Each structure stands twice: as structure tokens, then as C-alpha cells.
Amino acid sequence: MISAVEVELPDAAATVVYGATLSRALGNSGVVYLSGTLGAGKTALVRALLRARGVTGTVRSPTYTLLECYETAAGRVLHLDLYRLADPEELAFIGAEEIGASDVLSLIEWPQRGAGFLPAPDLELHLAVCAATSGRRLTVTAHTGRGQAVVAALAPDDTR
Ligand SMILES: Nc1ncnc2c1ncn2[C@@H]1O[C@H](COP(=O)(O)OP(=O)(O)OP(=O)(O)O)[C@@H](O)[C@H]1O
Ligand SMILES: [Mg+2]
């Protein structure tokens, strides 16, 4: 069973398209860590996923609020950005206890800031800036059986 898949996203429009693909593959629950440098496109990918789930209002980066919650047709989605989390214990005060619940999909930027206080991820989405093209390379890595099922759904047929 393959446990990682790599995708080239040459421009922001490609990120929008892949957000919809990810939305379909992810289903309604799970814990997803997003990694990559400042400006790599983590929030852009989450925004694309939420748009694909019918969220039409503003999708803000949770830079200062740390957590944004969306009620979608496919269930509740939590979007966190822990870059400004001063102390992982703060997670207890922002509604983060729902992360990992069976009916919640959690998408977490800068999860390392919450180390020790977050559930382990099913999946990691890593975005790297491609210096030559200024596009992005997305690597999707499974860390659990649930994550493997997502990766299998994303992988081209001939690599399965
Ligand atoms: N595939 C792509 N190719 C080129 N540019 C992209 C691509 N996807 C997104 N972008 C652009 O990259 C920028 C990403 O910003 P974004 O806020 O999503 O980054 P981030 O990883 O969430 O950063 P932070 O760590 O500060 O939260 C946006 O300007 C977006 O338009
Ligand atoms: Mg962001």
C-alpha cells in the first residue's frame, strides 16, 4: 500500500482545483496537519477545500483567532493556525478539544506549536515552494489507516 503521493501545483488555480479533489478524498472526519514555510499555500489549500464544500463567505486565515469553525453540508470543519500560539496549553481554551472527534475534520497549520496537546495526524499535507517555477509541490503522507485510504483515493490508478 502506498502511503504518500506527490502533486505539482504550478499556480494558484491548480491549488483551487486540487482543494476540491482533496475535499472529496478526505471525507467528514480526521486530523490533517499542514506544513510548509510562511506563504507556502496552506491557507489557500484549506480555502479551496472549504469552497468545494459550499462555504461561500469569507475564509480568513486563523492567524489571530487560532481557530475558525465551519458548518458545511459534509459536516463540521475546524481550521487552525497555531503559529501565534504562545503556550500549547492555550489549546484547551479555544475549542480545540473537538479535534479528532468522529464527526469533525480538522485542518491544522503550524501543528508543531501545539506539540503534545494535539491528536496525532491521519495525514500530513506538505507544501514546498518550487524555486524555479514559483509553483508548489504538495506531498500528502498517510500516518494512519484512515490516512492511507485517502492517499489511495488520491493516487493515480497505475501506482496503486
Ligand atoms: N500552486 C501555487 N502556485 C503559486 N502560488 C500559489 C499556489 N497556491 C497558492 N499560491 C499563493 O501563495 C500564497 C499562499 O499564501 P497562504 O496564506 O495560503 O500561505 P500559508 O502557507 O497559509 O502561510 P502562513 O504560514 O503564513 O499561514 C497566496 O498568495 C496564494 O495565491
Ligand atoms: Mg496560513
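User: How should I read the placement of helix α3, and which strands does α3 lie across?

Analyst: One reads such a placement from the strands that a helix crosses and from the angle between directions. In this predicted model, α3 lies across β1, β2, β6 and β7. The helix runs at about 135° to β7.

User: In what order do the strands of the open sheet stand?

Analyst: A sheet is read by following its strands from one edge to the other. Here the open sheet has seven strands in the order β1-β7-β6-β2-β5-β4-β3, and the pairing is mixed. β1 (4–9) and β3 each have a single partner strand, so one side of each lacks a neighbour in the sheet. From one strand to the next, the twist averages 15°.

User: In what sense do β6 and β7 pair, and over how many bridges?

Analyst: A strand pair is read by its sense and its bridges. β6 and β7 are antiparallel and share seven bridges. As one example of the register, L123 stands opposite A142 in β7.

User: Which strands does α2 touch where it packs on the sheet?

Analyst: The approach is the one used for α3. Helix α2 touches β2, β3, β4, β5 and β6, and its direction makes about 160° with that of β5. Within α2 (residues 42–52), the buried residues are K42, L45, V46, R47, A48, L49 and L50. The cover over these buried residues includes α1 (12–26), β2 (30–35), β3 (67–72), β4 (75–81), β5 (104–109) and β6 (123–129). Just after the helix, G54 has a positive phi of about 90°.

User: Which residues of the largest nonpolar core touch the most other members?

Analyst: A core is read from its members and from the elements that supply them. This core holds 35 residues, and V32, L107, I108 and L125 touch the most other members. At least two residues come from each of α1, β2, α2, β4, β5, β6, β7 (136–142) and α3 (145–154). The most come from α2, which gives five. To follow L107 outward, leave aside residues up to four places away in sequence: its contacts are then V32, L34, V46, V77, L78 and H79.

User: Which residues come nearest to ligand 1?

Analyst: A ligand shell is read by its residues, their source and their character. The shell has 19 residues, of which L9, G41, K42, T43 and A44 come nearest. The elements giving two or more residues to this shell are α1 and α2. By character, the shell divides into six nonpolar, eight polar and five charged residues.

User: Where are W110 and S134 found, and is each of them buried or exposed?

Analyst: Backbone angle and burial are read separately. W110 lies in the loop between β5 and β6, and its phi is near 55°, a positive value in a residue other than glycine. W110 is buried because 20 other C-beta atoms lie within 10 Å, and the cut-off for that class is 20 or more. S134 belongs to the loop between β6 and β7 and has a positive phi near 65°, again in a residue other than glycine. S134 counts as exposed because it has 9 C-beta neighbours inside 10 Å, where the limit is 12 or fewer.

User: Which residues does F117 touch?

Analyst: F117 is in the loop between β5 and β6. Not counting residues up to four places away in sequence, F117 touches P88, E89 and L91. With 17 other C-beta atoms within 10 Å, F117 is partly exposed.

Methods:
Residues numbered from 1 in each chain as written. Chains lettered and ligands numbered in written order. Predicted model: local features only at pLDDT ≥ 70, side-chain atom pairs only at ≥ 80, totals over all residues. Helix = DSSP H or I, 4+ residues; strand = E, 2+ residues; numbered from the N terminus. Contact = placed C-beta atoms within 7 Å. Near = placed C-beta within 6 Å. Nonpolar A, V, L, I, M, F, W, Y, C, P; charged D, E, K, R; others polar. Core = buried A, V, L, I, M, F, W, Y, C linked by C-beta atoms within 7 Å. Pairing = 2+ DSSP bridges. Axes fitted to C-alpha atoms, helices over the stretch in contact; angles between N-to-C directions.
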